[in-house]
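Subject: Structure handover

Hello,

Here is the structure you asked for, with notes on what turned up in it. Please look through it before reading on.

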Amino acid sequence: MQSYVARVKEEWLGLIRETEPHIHEMARGLGEDNARNLSEIFYTNILTDPQAVDFLTNEQVETHLKKSLVMWLKRVLSCSENDVDELIAIQQHVGEIHARIGIPIQLVDMGARILKRNLIPLIIERSGSDSDKIKLLSFSLSSIDLALEIMARTFTFGESSSMKEDENYRIFSLLENAEEEKERQLGSLLSWEMDVMYNVMLEADLDSIQLISRADFGLWFNHKGRHYFSGIAEVGYIAKLIQETDQILLKTREASRTFRQKNLRNDFMLQIKNNTTQIAALLRGLFDDVSKHEVGMDVLTKLLNRRFLAAIFKREITHANRSGTNLSVLLIDVDKFKEINDGHGHATGDDILRKISQVFYDNVRSSDYVFRYGGDEFLIVLTEATPAETMHIAERIRAKATKQAVTTPDGKQLTTTLSIGAAMFQGHPDYERLVQAADEALYIAKRNGRNRAEMYNPNNKA
Ligand SMILES: Nc1nc2c(ncn2[C@@H]2O[C@H](COP(=O)(O)OP(=O)(O)OP(=O)(O)O)[C@@H](O)[C@H]2O)c(=O)[nH]1
């Protein structure tokens, strides 16, 4: 990304330098005179697309987005050498937001097309010589393309990492049923082994024995298992054993179509048994060792790791928008936690974090999500709770947490308090807005004396 930014900056500077000053003036005028109108046309068109409606509400468009597009157009068209760094940063920021919200790239492409198509007649209509108009057209379209390209680059960059987190979350959810999955796969491996044994004992044709890589277990392992546990050495050993087992089977098949010789039969069965036993042991180890926290849980508190925030919010925001149900967050901070650490040691601090994490966990429903957000900060996503219910849960958590005592190294009982900021989802597709609102409410809770919960109120700014 870094080298791309350096390259694109040079290109943008080149475009500005090679454009004559009076064309710059014309472009600035073009933006000043038409940005508002273009923004109207842009959103009228975009909102006819059902895909766009999932991401944009009319209210957002009216209150924020139209204005932002006006600003964007004016800035891109009047860009001077001194503005390039800032403009690149803006495009990257917008690209990041698009990725976070999960706007489909084809929607962005459609928007670009609408803008350019509507810009061309406006240039033709302007006063000036034909040659100047061609230069203006070239400068305007190139500037817009540069801006959109940076946006798209950042978008794809962000998208691929957010897709990775989606995938991690999927794997994490799957491993929540690890016990079940383990038993199923061990069963599947055993069933293949039994199949081989029966065939051998019945002196059946060896061709009727399926290769392990083609059997249910092998297919599961190659398509799913190896990805669930990717990066762990045992995965490689299992893959090798599967290959080796197939080799044994193929070689024996060649040597003898049936097992008339008893010693050949015994050798073969022993080798197969030996390999499947090893595979089973390795697989059992993999499932047992990869405890949840390594995949998605915070090690200390066993709560969700914040890297799943985006994946979970994306799903829950889509759900809330589609079904019109409530979505809310609580941002929780332990009061004066530094004093606890400093006064009683880090281990006591850790004990407190563990205890209150349990309170969070015990006081939300199973459809809610509890994240460790930072050191002594926690974030709870509440599904389908009204503002009153959200505050009720916040209050219950606050009250219960104050009753949690831990024993300090000098034998004293130590309790703590929490400050909580709550916010209700208002329809903005970018979850960071919601978290920011909760953060403002948390700030107010701290300012109003700590050990309290506050609901975000746009009229009561921090
Ligand atoms: N024991 C322990 N401490 C941690 C952990 N992570 C972060 N911290 C500490 O948490 C403290 C957080 O303190 P601050 O956020 O500065 O504020 P505070 O003392 O809670 O004060 P207020 O938030 O203003 O009430 C810092 O001292 C961190 O070192 C952890 O995993 N274990």
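Asp-333, Asp-335 and Lys-446 are linked in a network of salt bridges. Please keep in mind that this is a predicted model, and that the values below are computed from it.

Salt bridges

Side chains of opposite charge can pair when their charged atoms come close. Counted by the rule used here, there are 20 salt bridges. Three further pairs are described below.

Asp-85 and Lys-9 meet through their side chains in a salt bridge, at 3.1 Å from N to O. Asp-85 belongs to helix α5 (residues 84-101) and Lys-9 to helix α1 (residues 2-18), so this pair ties together parts that lie 76 residues apart in sequence. Both ends have some access to the surface: Asp-85 is partly exposed, with a relative accessible area of 48%, and Lys-9 is also partly exposed, at 26%.

Glu-193 and Lys-273 form a salt bridge as well, with 2.8 Å from N to O. Here the partners are in helix α8 (Glu-193) and helix α11, residues 262-289 (Lys-273), so the bridge ties together parts 80 residues apart in sequence. Is Glu-193 buried or exposed? Glu-193 has a relative accessible area of 8%, and under 20% counts as buried, so Glu-193 is buried. Lys-273, at 39%, is partly exposed.

Asp-410 pairs with Lys-412, and their closest N and O atoms are 3.5 Å apart. Asp-410 has a relative accessible area of 53% and is exposed.

Surface patch

Helix α8 also matters for the next item, since it spans residues 178-201 and holds Met-194. Met-194 is part of a nonpolar patch on the surface, together with Leu-190, Tyr-198, Met-201 and Leu-202. The accessible area of these residues together is about 550 Å². Met-194 itself is partly exposed, with a relative accessible area of 40%.

Largest pocket

The largest pocket has a volume of about 950 Å³. Its lining is made of 35 residues, and those closest to the centre are Tyr-43, Leu-65, Ser-68, Val-94 and His-98. Which helices supply at least two residues each to this lining? They are α2 (21-46), α4 (58-77), α5, α6, α7 and α17 (431-447). Helix α5 gives the largest share, with nine residues. By class, the lining of this pocket has 21 nonpolar, nine polar and five charged residues.

Largest cavity

How many cavities of 30 Å³ or more does the structure hold? There is one. The space in the largest cavity comes to about 40 Å³. The residues that line the largest cavity are His-98, Ile-105, Val-108, Met-151, Ala-152 and Phe-155. Helices α6 (105-125) and α7 (130-176) each supply at least two residues of this lining, and the largest share, three residues, comes from α7. Five of the lining residues are nonpolar, one is polar and none is charged.

His-98 appears in both lists: His-98 lines the largest cavity, and His-98 is among the residues closest to the centre of the largest pocket. Helices α6 and α7 likewise supply at least two residues each to the lining of the cavity and to that of the pocket.

Regards

Definitions and conventions:
Residues numbered from 1 in each chain as written. Predicted model: local features only at pLDDT ≥ 70, side-chain atom pairs only at ≥ 80, totals over all residues. Heavy atoms only, no water. Patch = residues over 30% accessible without salt bridge, like charges linked within 9 Å, V, L, I, M, F, W, Y side chains within 5 Å. Areas by Shrake-Rupley, 256 points an atom, 1.4 Å probe, with all protein chains shown as cover. Salt bridge = Lys/Arg side-chain N within 4 Å of Asp/Glu carboxyl O. Helix = DSSP H or I, 4+ residues; strand = E, 2+ residues; numbered from the N terminus. Buried < 20%, exposed > 50% of the residue type's maximum accessible area, 1.4 Å probe, protein only. 1 Å grid on protein atoms, 1.4 Å probe; cavity = no way out; pocket = protein on both sides within 12 Å on 5 of 7 lines; lining within 4 Å. Points joined across faces, edges and corners; volume = space filled by probe spheres on them. Nonpolar A, V, L, I, M, F, W, Y, C, P; charged D, E, K, R; others polar.
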